[in-house]
Amino acid sequence: MLASQYYLPTLREAPAEAEIPSHRLLLRGGFIRPLSAGVFSFLPLGLRSLRKIENIVREEMNAAGALEVFLPVLSPRDLWERSGRWDTFQPQPLRVQDRSERWFCLGPTHEEVITDLVAMDLESYRELPVTLYQIQTKFRDEVRARGGLIRVKEFLMKDAYSFGRSEEDLDEAYDAMYQAYVRIFERLELPTVIVRAEAGSMGGHDTREFMLLSENGEDTVFMCDSCDYASNAECAQIRPPQARSGDKLGERELVSTPEARTVEQVCEILGTTPEQLAKTLIYRADDRFFAVMVRGDRSLNEAKLSGLLKAEELRMANDEEVRELTGAEVGFAGPIGLPDEVTIIADHEIATMSDFVVGANQDDAHYVAVDVGADFQVAQFADLRSAVAGDACPVCNEGRLTQHRAIELAHVFKLGAKYSEDLGALFVDSDGTQKPAIMGCYGIGVSRCLAAIVEEHHDENGIIWPRAAAPFEVVVLLLDTKDEELRGAAEQVYRSLQEVGYDTMFDERDMSAGIKFAEADLIGYPARVVVGRKTKQEGEVEVRRRSDAEELVVPVAQAADAVQTLLGS
């Protein structure tokens, strides 16, 4: 490809709103351009890299036995109502209405559509198992689009769905997709960490996320410093501490805490610390109420609470409900004197505390010198709080959890029969009974991978593309465009690289050498071949690898061999 005939709108500086390296470099290198917040156009360079990532994903999906389909973007409301997600999916889907006043959403994911498709034709167990996948544009109404391609409203995703007769079929499909993902990220040179995760709006279990550790990531993961335990912050577990043993030390006392509704305000009035206070949060789970206790300096993890209670609907009690149940305004709830209809559950740490502070279920009042057992009873202790760095690993006896920022690249989980039952993907098994297909779901953010590669592979001068995702593998830089001898040598090098199969850019534009060098580093070609003064004087070219600046000086005729030495065949 001739650079003079290519669309290469590079920028000297990135716009001020581009805050992270991948966003800045993809803009400056002429890979993407913004249309509106969270919506981007892919320019020729960006599309070439995107297609290379897409093809790697496709190759590994095909090798794992998945079959490619292409599903509609528009998804009718009735499908989502049948699955129960029209009003509950988060972030809320973008919705449109046609001229017949029928509602659709722009697909944020395709569980409903793929299940409905399979349900149309599925009859017998002989048609199972099968795994179908697509590479398709998805839409999500992100309130806070940021980070370039990291969090957007419109993105390219590979989503696959397996349908089987049994849990055994599901296990086999899940393992095949899991291993395919491992190979994909190895080929893209993305060192992912595989962590436990919550399924969220998708539903399901055995959820794993493939994470790239990055200071610019929006997710938080916890990893053990002693074993291989790793988890998303949403579900990071903590080894229970040893419960306190011994007699009660002090006598409970009611104290005045006027207008002290927060932990900080209570501690200031009483001269204590958050570690000596227990927060009591009132929750409604379906039609039952729970008082949930965590230490004052901790945060309740609602995902853990939801998993424990297995409620279809979980929310904090409103002000009116709190007043009715506790007799006090929000901020003064406590475990002592609650009505029988409120079940008390507590984080494991509460069992280790003594002589601590709780709300008194009276306005402007708290109890001090409170102990579990002596002053109130807990129906169940559980791991309910959000993990923090330094917590004890739940798996091994020695390790502590370390905290990291990360970018989520992929997600695999087992759906079971939820969607097949809701949407009628049923089959007649060998024993003559009708059963729902057992499903799994497997997604990769293809366009997010593009940004993740840049986050992982760049320096102060620009992008350092892994060869597998580079828009072009080699650039030939002709430094004196007016010298016919040099032009002939450059054309010879260009042809030789093309003949051995390298995607090659020939930069024969009439520009200064400094600009060409800077642009080559910015765009991030894995290798460059310089045809310039040394070629004129000694018949040699300089071949340089972008990743580590290793350079070979070889005769013109050996340029392709030198590139092969640096990049591999």
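These are my notebook entries on helix packing, sheets, backbone oddities, a pocket and a cavity in this structure.

**Entry 1: before starting**

I am working with a predicted model, so I treat each value below as computed from it.

**Entry 2: helix packing around H2**

I began with helix H2, residues 44–63, and its contact with helix H10, residues 446–456. How far apart are the axes of H2 and H10, and at what angle do they pack? I found 9 Å between the axes and an angle of about 110°. Angles of 65 to 115 degrees count as roughly perpendicular, so H2 is roughly perpendicular to H10. I noted the crossing of H2 and H10 as right-handed.

Next I looked up H2 against helix H5, which covers residues 167–187. The axes of H2 and H5 come within 9 Å, and the crossing angle is roughly 150°. The cut-off for roughly antiparallel is over 145 degrees, which means H2 counts as roughly antiparallel to H5. Is the crossing of H2 and H5 left-handed or right-handed? I have it down as right-handed.

My reason for writing down two numbers per pair is simple: packed helices are described by the angle between their axes and by the distance between those axes.

**Entry 3: a sheet of 3 strands**

I then turned to an open sheet with the strand order E4-E6-E5 and antiparallel pairing. Which strands are at the edges? They are E4 (74–76) and E5 (95–97), each pairing on one side only. On average, neighbouring strands here are turned by 40° against each other, with direction ignored.

Looking at one pair in detail, I counted 3 bridges between E4 and E6 (residues 103–106), in the antiparallel sense. For anyone who wants a residue to click on, Ser75 stands opposite Cys105 in E6.

**Entry 4: a sheet of 5 strands**

Another open sheet runs E28-E27-E29-E30-E31, and its pairing is mixed. E28 (504–507) and E31 (551–555) are the edge strands; each has a single partner strand, so one side of each lacks a neighbour in the sheet. The average turn between neighbouring strands of this sheet is 20°, again ignoring direction.

One of the pairs I checked is E27 (residues 474–478) with E28, which is parallel and has 4 bridges. Within that pair, I found Asp507 in E28 as the bridge partner of Leu477.

**Entry 5: backbone oddities**

A reminder to myself: most peptide bonds are trans, and most residues other than glycine have a negative phi. I list the following cases with that in mind.

- Gln90 and Pro91 are joined by a cis peptide bond, with omega about -5°. Pro91 lies in the loop between helix H3 (77–83) and E5, and E5 is an edge strand of the sheet in Entry 3.
- The bond from Leu128 to Pro129 is also a cis peptide bond, and its omega is near 0°. I located Pro129 in the loop between helix H4 (111–121) and strand E7 (130–139).
- Asn361 has a positive phi, near 55°, although it is not a glycine. Asn361 belongs to the loop between E18 and strand E19 (365–370).

**Entry 6: the second largest pocket**

I looked up the second largest pocket and got a volume of about 310 Å³. It is lined by 20 residues, and those closest to its centre are Arg261, Thr280, Leu281, Gly331 and Phe332. Helix H6 (263–270), strand E14 (278–285) and strand E18 (356–359) each give two or more residues to the lining. Which element gives the largest share? It is E14, with 5 residues. By class, I have 13 nonpolar, 5 polar and 2 charged residues in this lining.

**Entry 7: cavities**

How many cavities of 30 Å³ or more does the structure hold? I found 4. The largest cavity has a volume of about 60 Å³.

Its lining includes Val475, Ala520, Asp521, Tyr525, Ala527 and Arg528, together with Arg544, Arg545 and Arg546. The elements supplying at least two lining residues each are helix H12 (513–523), strand E29 (527–531) and strand E30 (540–545). E29 and E30 also appear in the strand order of the sheet in Entry 4. The class split for the largest cavity is 4 nonpolar, no polar and 5 charged residues.

Conventions: Residues numbered from 1 in each chain as written. Predicted model: local features only at pLDDT ≥ 70, side-chain atom pairs only at ≥ 80, totals over all residues. Heavy atoms only, no water. 1 Å grid on protein atoms, 1.4 Å probe; cavity = no way out; pocket = protein on both sides within 12 Å on 5 of 7 lines; lining within 4 Å. Points joined across faces, edges and corners; volume = space filled by probe spheres on them. Nonpolar A, V, L, I, M, F, W, Y, C, P; charged D, E, K, R; others polar. Pairing = 2+ DSSP bridges. Axes fitted to C-alpha atoms, helices over the stretch in contact; angles between N-to-C directions. Parallel < 35°, antiparallel > 145°, perpendicular 65-115°, else oblique. Left-handed = near helix turned anticlockwise from the far one by under 90°.
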